[in-house]
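Reader: I'd like to talk through this one with you, starting from the whole chain and then zooming in. Can we go step by step?

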Number of protein chains: 2
Amino acid sequence: MPRAPQRSETMSIARLAKHLGLSEGTVSRALNNYPDIADKTIARVRKAADELGYRPSTTARRLARGVVETIGFVLPARHGHQIDPFLAEILDGLATELALSDWDLLVAAVPEGHDEVEVMDRLIRSGKVGGFVIARTRRHDPRIDYLRKSHIPFVVQGRTEDCDDYAWLDIDNEKAFIDAMGHLVGLGHRKIAYLGGDPDLNYAWQRRSGYLSAAKTHGCDVLDGYLHDGITDEMAARHAVADLLKHPDRPTAILCVTDAVAIGAIHALAHAGITVGEEISVIGFDGLPMGEAIHPGLTTMSQASYQVGRAVGRIVVEQANAPASEFSQILWEATLTIRGSANPPAPKLVTNAKGGIS
Amino acid sequence: MPRAPQRSETMSIARLAKHLGLSEGTVSRALNNYPDIADKTIARVRKAADELGYRPSTTARRLARGVVETIGFVLPARHGHQIDPFLAEILDGLATELALSDWDLLVAAVPEGHDEVEVMDRLIRSGKVGGFVIARTRRHDPRIDYLRKSHIPFVVQGRTEDCDDYAWLDIDNEKAFIDAMGHLVGLGHRKIAYLGGDPDLNYAWQRRSGYLSAAKTHGCDVLDGYLHDGITDEMAARHAVADLLKHPDRPTAILCVTDAVAIGAIHALAHAGITVGEEISVIGFDGLPMGEAIHPGLTTMSQASYQVGRAVGRIVVEQANAPASEFSQILWEATLTIRGSANPPAPKLVTNAKGGIS
DNA sequence: ACTCTTTCCGAAAGCGGTTTCGGAAAAGAA
DNA sequence: TTCTTTTCCGAAACCGCTTTCGGAAAGAGT
């Protein structure tokens, strides 16, 4: 005799079946719409299940069916301290979408001393998740190398450099930055500097490429000292701006890889007594709400993070259901949000004067 | 004969046992440190398990053990559009801490047309979670009423008004705002206005109380029109500030329920041509990094969200392991972060003059 | 050499569902 | 009415792991 677990009073299919005078199998099939159960029986079972508040144990169901309707999301190791606000919104959208298909979202962190792939491997091997969504993609990403071999469905928010054998949804970062450059050039700027992020992260790389390619197209010289990489926080942004201000041929506009960097830049400029949006224009990327709260408002390229999360969720579930279909690979465009931080450059004659004239 | 599921090639305990020439039971007990297994057998099993990359299926384990090492977190219904940055950090800390005890974090959203308690109920009944962490607590919170009856472990970040029969961890919001007021009074302010949030949310209520109580203590009159409730976004903050500026007895300082509101207020003030930190001082609460990025830097009360998440995670696991121990109820203090937005009020003589003199 | 303990492992019964299979009862055909 | 189909449900075998129980093998005691 095994133990006598005295399982709690939760309503099980056994109890339900006894209550109805039916076999467990019949009840199960009734609840799962099998064609060989009489309609009135189905109705009767449904009713009783509702009344008794029966919910099949997902654990048991998973064991029997051998599938896990849970997708995993591994929080990127916190490089700084702060979680990306963009990620929070994606998570929200993801959870919302998954709920619609009755899937769950398992969020995991990477413990000190481990890496992301390790965490993902454990999640898969222990059968906790049946799919993955990953974000903050690197140009070449070991997580994706791993997932390719793992044969479980996954969708990438962003993409790697070689990305034709898996599903992804990305913002067209390159085009966005070409557009942003177009906007600045349209305003009359030619001397445009760039504050870029970690070039290993693919989005940063793509945006950088967009900047460079547009600069070439429009004949804007990227002077020595105009292009800064690795700007990932406030401090770095300030230093970079300080450098730019000392530049013999001071730029009239600064394009920034993210809103966070742009805000840092604006702060640094303001601190140096520069009127942002007049003496120097600034453009960011993200469309964070705080871009609206600062002064001047931040002109930026906005992306719909929440919607990205939802779309990614939809795709991953589709993929889990449709075994070997095509990989959906989707490119979304960012939209320009014009606020006060980017305007035509100050006319040359007054660049040396103190007060800027509009 | 049942189906022939041709289960995938995952290493199961059965295969491991066969490989070792042992019974499944023995292998299981060996891996779980039962005292009745020879040490060398344990070693042998461990080794083989490692080599073959065996990980027990958590699904099967759960079913057999009848426990679910997963805690649920229901994302608060998105009142606005944006997820609270504070929450994101808590989630991060929570996931990190849970990972240490091999627990999982299940994040759920509330689908349109449903409410949070419903979602929680489904998660419990279907056995997906074995505990909860909840945040954004209301003064009186239906989620907690529900959980009290549910007999599953849970920890609240924040607390309700009657809160002695469950575990919680809260910031001492009242004291924080008393301290903030003390700071302002110490700087010389007496005419201090307050921009409060949704008074149903307990933290907003507590902060409001702190403001009022300190105002009384220090003999600061809370004039008609000084106290604004329900300021939850940028727009509301701007309107409120506009009102304050029209006030016949204009306040010299504004205390704000959150950093977000404070930043909105600063923006509005700047827009109106007021020098923040000279003509009018502003204090916020949260310690968001963006408070550092704006100009002037936001003086604020900081709370360590990530640490809150970790602590809450630790508590909920403890509680799940120690059946009927005491409820831990913890109060943390926020710390004052002084930046540029709060300074002594401008001397009376020059309040009518144009340029502020330091 | 022969009990009495210990030590260590196998057998087997679940956990709560799902799914295949076969067959009794009901319905249709002859 | 009798034979053939259908319709509908019960029986039973898992899913992969845990845990109790009993007993064979090995060591200890005399």
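**Overall picture**

Author: Sure, and keep in mind that this is a predicted model. Of the 358 residues in chain A, buried ones make up 50%.

Reader: How many helices and strands are there in chain A?

Author: Chain A mixes both kinds of element. The count comes to 13 helices and 12 strands.

Reader: What radius of gyration does chain A have, next to that of a compact globule of 358 residues?

Author: Along the principal axes, the C-alpha trace of chain A spans about 95 × 40 × 35 Å. A compact globule of 358 residues would come out near 21 Å. For chain A the radius of gyration is 27 Å.

Reader: Among contacts in chain A with a separation of 6 or more, what share joins residues 24 or more positions apart?

Author: Take the contacts in chain A with a separation of 6 or more as the pool. Within that pool, residues 24 or more positions apart account for 66%.

Reader: And the surface: what part of the exposed area of chain A do carbon and sulfur atoms supply?

Author: Chain A exposes about 16600 Å². Carbon and sulfur atoms supply 52% of that area.

**Zooming in on chain B**

Reader: Is B:Gln157 buried or exposed?

Author: B:Gln157 lies in strand β4 (residues 154–157) of chain B. Residues beyond four places away in sequence that B:Gln157 touches include B:Phe86, B:Ile134, B:Leu169 and B:Val308. Its relative accessibility is 9%, and the cut-off is under 20%, so B:Gln157 counts as buried.

Reader: How far apart in space are B:Gln157 and B:Ala135, C-alpha to C-alpha?

Author: In sequence, B:Gln157 and B:Ala135 are 22 residues apart. B:Ala135 is also among the residues B:Gln157 touches. C-alpha to C-alpha, B:Gln157 and B:Ala135 sit at 4.8 Å.

Reader: Which elements of chain B do the buried residues of α13(B) pack against?

Author: Helix α13 (residues 305–321) of chain B has 17 residues that should span 24 Å at 1.5 Å a residue, and its end C-alpha atoms are 25 Å apart, which agrees. Its buried residues include B:Val308, B:Val312 and B:Val316. B:Val308 and B:Val312 are also touched by B:Gln157. The packing partners of the buried residues of α13(B) are β1, α5, β3, β4, β5 and β11.

Reader: Which residue takes a positive phi just after α8(B)?

Author: Helix α8 (residues 173–187) of chain B reaches 21 Å from its first C-alpha to its last, close to the 21 Å expected. Among its buried residues are B:Phe177, B:Met181 and B:Leu184. Just after α8(B), a positive phi of about 115° is taken by B:Gly188.

Methods:
Residues are numbered from 1 along each chain as its sequence is written. Chains are lettered from A and ligands numbered from 1 in the order in which they are written. This is a predicted model: local features need pLDDT of at least 70, side-chain atom pairs count only at pLDDT 80 or more; totals for chains, interfaces and linings use all residues. Side-chain values use heavy atoms; hydrogens and water are left out. Helices (H or I, at least four residues) and strands (E, at least two) are DSSP runs, numbered from the N terminus. The radius of gyration is taken over C-alpha atoms; the globule rule is 2.2 Å times the number of residues to the power 0.38. Buried means under 20% relative accessible area, exposed over 50%, partly exposed in between (1.4 Å probe, protein chains only). Contact means heavy atoms within 4.5 Å. Accessible areas come from the Shrake-Rupley method with a 1.4 Å probe; for residues, only the protein chains shown count as cover. The expected span of a helix is 1.5 Å times one less than its number of residues.
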